[in-house]
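Here's a quick tour for anyone opening this structure for the first time. Have a look at the model, then read on.

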Amino acid sequence: MPRLTIRHTTEYRYRQPVAFGEHRIMMRPRESFDQRLVKADLRISPHPCELRWLHDVLGNSVAIALFDKRANALRVVSEMTLDHAPLASDRIDIEDYARHFPFTYASEDMPDLLRSIERGYLDVGRIVDKWANGFLNDHGPTDTLGLLTDMATTIKRSFTYVPRHEKGTQSPIETLSRRQGTCRDFAVLMIEAVRALGLAARFVSGYVYNPGRSEGRVGGGNTHAWVRVFLPGSGWIEFDPTNGIVGNRGLVRVAVARDPYQAVPLSGSWSGYPASYIGMDVAVDVELGDAAAGETDIAASGLTHVARNAAKC
C-alpha cells in the first residue's frame, strides 16, 4: 500500500491589507477502506479567530475559517499523509444482473441514487444523449463496465486537455462541440452522458499522482476532477476521463458531489478596494513512498498561476 504525502498551497495576494469574510476549505481527503489518513495539518495565515470543522450533506470534511485581522495575503497550506490502496479495473465485481446494460438498480438503492441520476444541464437537441447512445451495442446487450471504460478512454483519446484557470465549467454540449476542455469539463461531460443512460454518477474533486515512473498523468500540480459511477456489486467506482483511468489507481478523493460547485477546494469573500486584488497561486505536490520501506519519490508537482477573475474570494 503506497504512502502519500500531499502538500496543497493556495495564496491570494493584495496590494494593501483587506478584510476576509468566512472561508470554506475542502482539502482533507475522505477516509475509507482504500484511503487511510495518517496525519493532517492545516495552516492558515493570517491565523483565523475561529476554525471549526463539519461534514456537509454528502459527508465531505469542510473547515470553516473566520478572521478578525486585515492582511495583504491569505495563505492556506494543507499537508496530509495517507495510505492509499489502489483498485485496479480487473478487481471490479459487478452483480450478474448489472453486468450488461440496460439494467435497473435495486429498489432499495433507488431513493438514494435518484438525485445522482437527474440531469444537470438542458439538452433540448439530445446532443449528449446521442453521443452517449453511440457507445451502446446495436446488436444486443452492452457490457456495462466496457461501456463506461470506452466512454472514459474515448474522451482521453479524442478530446484535447487544455488547462483553464478561470472558475466555472463548460456545459457538456460546449465540450462536445469544442472537443477540448479541462478535467472538470471532461468529468461533467461524462457525468451527463452516464446520467443520460439512467445510471448514477457523481463529481469527484481530489488529487492525481503517478503510481509508477512509466505512467503519465495529466492534471498534476493542481486539484483534479473525475467521475464516480454506482455499479451494483462494487458500489461507487472511479472513472477519470482525462487520463482514461478506471478504478482509483493514482486518484485520491477529497470531495464527492452531485455538481462541481459543491466541491470547490477554497471559497470565501474579502472586502477592500476593488483594485487591491493581485492574483492567486496554487501549488499541489505529491510525494509517493512505500509505507513499509519508507522510500519516497515525487509523484506529481507543479505550480499554477490563476488569472484575476478566477478568484473564489
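Let's start with a sheet. In this predicted model, five strands line up as an open sheet in the order β13-β12-β11-β10-β14, with antiparallel pairing. At the edges sit β13 (245-246) and β14 (251-257), each of which pairs on one side only.

Now zoom in on one pair of neighbours. β11 (residues 224-231) and β12 (residues 235-240) are joined in the antiparallel sense over five bridges. Within that pairing, F230 has W236 in β12 as its bridge partner.

There's a helix to go with the sheet, too. α1 (residues 110-117) lies across β10 (201-208), β11 and β12, and runs at about 75 degrees to β10.

Next, a single residue: R99. You'll find R99 in the loop between β5 (71-84) and β6 (100-101). Is R99 buried or exposed? Neither, quite: R99 counts as partly exposed because its relative accessibility is 38%, which falls between the 20% and 50% cut-offs.

What does R99 touch, leaving out residues up to four places away in sequence? The list is D93, I94, T142, D143 and T144. Two of these names come back when you look at the polar atoms of the R99 side chain, as the table shows.

| R99 part | Partner part | Distance |
|---|---|---|
| R99 side chain | D93 side chain | 3.4 Å |
| R99 side chain, polar atom | I94 backbone oxygen | 2.7 Å |

Finally, here's a link back to the sheet. The C-alpha atoms of R99 and L231 are 8.8 Å apart, although 132 residues separate the two along the chain. L231 belongs to β11, which spans residues 224-231.

Terms used. Residues numbered from 1 in each chain as written. Predicted model: local features only at pLDDT ≥ 70, side-chain atom pairs only at ≥ 80, totals over all residues. Heavy atoms only, no water. Helix = DSSP H or I, 4+ residues; strand = E, 2+ residues; numbered from the N terminus. Buried < 20%, exposed > 50% of the residue type's maximum accessible area, 1.4 Å probe, protein only. Contact = heavy atoms within 4.5 Å. Polar contact = N/O pair within 3.5 Å; in protein donor to acceptor, adjacent residues only side chain to side chain. Pairing = 2+ DSSP bridges. Axes fitted to C-alpha atoms, helices over the stretch in contact; angles between N-to-C directions.
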